[in-house]
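Student: I should like to learn how to read the features of a protein model. May we go through them one at a time?
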Amino acid sequence: MPKTNASQQNKDERQLILIVEDEFVSREILKMSIEREYDVLLAENGKQALEHIGASGDQLSLILLDLNLPDMHGVDILNMINEKEEIHRIPVIVLTADKEAEVECLDIGAADFIPKPYPDIKIIQARIRHTIELFEKRVIIGQTEFDELTGLYNREFFYLYAERSDAHNRENLMDAIVIDINHFHMINERYGRDFSDEVLKRIGNRLRDLTSETGGLACRRDADQFMLYCPHLDDYEKVLGMLSEGISGEGNAENTVRLRMGVYPEADKSIDIERRFDRAKLAADSVKSNYTMPIGEYDNELNEKNLYREQLIVDFPEALEQEQFKVYYQPKFDIRGEKPVLCSAEALVRWIHPEYGFINPGAFISTFESSGLINRLDNYVWRAAAKQIREWSDRLGAVVPVSVSVNVSRVDLFDPDICNTLKGIVEEYGISQEQILLEITESAYSEDSKHIIDTVHRLRSEGFRVEMDDFGTGYSSLNMLTSLPIDALKLDMQFIRTAFTEGGDTGMIAIVIEIAEMLGVPVIAEGVETEEQLNALKEMGCDIAQGYYFSKPVPAEEFEKFLADR
Ligand code: C2E
Ligand code: CA
């Protein structure tokens, strides 16, 4: 009975493995290690190997390939397998004593190595089993190890191969590097998908050139992020320069694409490979809004920051209990008329820590998001804001109602009870839905858009108004925006920073305002610090402004002066 394709094999059908090995003893050791579990074909040289592959290629689950064959080099066989459409799915484990060749083989697509002299039989069996499973799974889910657009490895396989290369080169000092494109989604929106794809491909090609020069591996981690695992480099600026040079091509997009890089140099191999790249990513994020210094390095300082964050997590429950969190309010002004008019406030949390003193939310929000504490903190802040509105209404009477916007983390949106929670708070303090505006960061929409959009729909049908926060930092497509349930767009502060520094232009702001007009919603600009900025924004058609020009976020008592002025 002919066998089915190896990838769809029945569980009880034995898988077929080809051993290509010219030394008799080695061949027998391998055969004996696996023949209880697998059917085995044997080849003593390249010619026999090719004959077997030709006759039984569609049934093979794995090839064990010695690199030094009497009549040809194993690498040529590997190349041939990779190039042939019908058989390139067959994983190959290379057998070699030559460390240099191991790396070369990884580069051209070997799935794993078994070093010579052979390790314990159990290790051989485990590697074989693991490789077969991995490749079968891959075929089933139609996944390839490469990113289609750039041809670099995808994340999963990149990690896998990086680990394997470590296992074989324990002594090499390696750098873990993350490369990010600043504001990629906006570039995508403005210059279109083809242009963006072209940029990604260019980066892919350059990374490939780099790894073929220095050794190592590269992958596309996410839409606009790349990872590089390579022997320790000493000039990162040169590398970033090489990657960035002319990356935007010519024409009107010239110089718009800016890369930033996070480096974890001589990464500690005792740490999980993914954690090592988390550190590199942390370093890349540490220079996120720093246009003059696009390279961040993971070092002791960042490490200490990490430890600090962990301490904050430990301290959180007690802090909540002891009311160490204080809500500050920053006014928002309607700037459409002649004189700016107070229209609402944003509630922003601060932590008065008994040991560290005053802590800004930038230091803990993302930590609390990733550790799952944010729900409890946000609940606390929403409650405090509602209570404050009630208190102002009772005490100041006619000057209110004022509305207060609160931040809703993307994590909160996964809480199935969020609608009830917010409704409960509004009812408890006897205020109205319109008095609580919800600021939801744009990136939340693009993460699990269907779920989030549904939740936002529900919130709006309950009467809450929703502002899209940090607009310009997420990945919303124009298409998606038109179907989004929102009441206002809040421009990310970074645009104002970039527009009003030397050499900057207000083009991006104009685009956002255009988008808002198309959606028929007002635009809020945050981070307005100077009169010049205010006037420029006004002229461009921005509706509401918030920023140090008017006031920093202040405690509730201090905010009352704005209420009184109104
Ligand atoms: P955001 O929502 O974008 O808030 C605006 C941030 O910009 C605030 O920083 C505010 O103090 C600051 N800011 C306002 N005007 C200016 C200005 O003119 N110049 C400059 N340089 N900065 C200005 P803050 O209070 O440190 O908050 C940082 C972020 O933390 C907020 O960004 C928000 O995403 C998050 N956050 C704050 N409070 C909460 C909260 O209660 N819950 C959640 N989930 N996130 C919060
Ligand atoms: Ca906000």
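Tutor: Let us begin with the metal site of this predicted model. The calcium ion (ligand 2) has as protein donors E346 (OE), N407 (OD1), E439 (OE) and D469 (OD), which lie 2.1 to 2.4 Å from it. Donors are N, O and S atoms within 2.8 Å of the metal (3.2 Å for Na, K and Ca), and because water is not among the atoms, sites may look incomplete.

Student: How are the donor residues of the calcium ion (ligand 2) spaced in sequence?

Tutor: Their spacing is E-x60-N-x31-E-x29-D. N407 belongs to strand β15 (residues 403–408) and E439 to strand β16 (residues 436–441), so this pair ties together parts that are 32 residues apart in sequence. Strands (E, at least two residues) and helices (H or I, at least four) are DSSP runs, numbered from the N terminus.

Student: Which of these two is buried, N407 or E439?

Tutor: Buried means under 20% relative accessible area, exposed over 50%, and partly exposed in between (1.4 Å probe, protein chains only). E439 counts as buried at 1%, whereas N407, at 25%, is partly exposed.

Student: On what conventions do such values rest?

Tutor: Residues are numbered from 1 along each chain as its sequence is written, while chains are lettered from A and ligands numbered from 1 in the order in which they are written. In this predicted model local features need pLDDT of at least 70, side-chain atom pairs count only at pLDDT 80 or more, and totals for chains, interfaces and linings use all residues; side-chain values use heavy atoms, with hydrogens and water left out.

Student: Which residues touch the most other members of the largest nonpolar core?

Tutor: A nonpolar core is a set of buried Ala, Val, Leu, Ile, Met, Phe, Trp, Tyr and Cys residues joined through side-chain atoms within 4.5 Å. Of the 78 residues in the largest one, these are F325, Y329 and F368. Helix α12 (residues 374–396) supplies the largest share, 8 residues. A second, separate core has 51 residues, including F135 and F277.

Student: What does F368 touch, leaving out residues up to four places away in sequence?

Tutor: Contact means heavy atoms within 4.5 Å. The residues touched by F368 include F316, F325, W351 and L377.

Student: Where is V178 placed?

Tutor: V178 is in strand β7 (residues 174–181). This residue is buried, with a relative accessible area of 0%. Leaving aside neighbours within four places in sequence, its contacts include R221, F226, M261 and F277.
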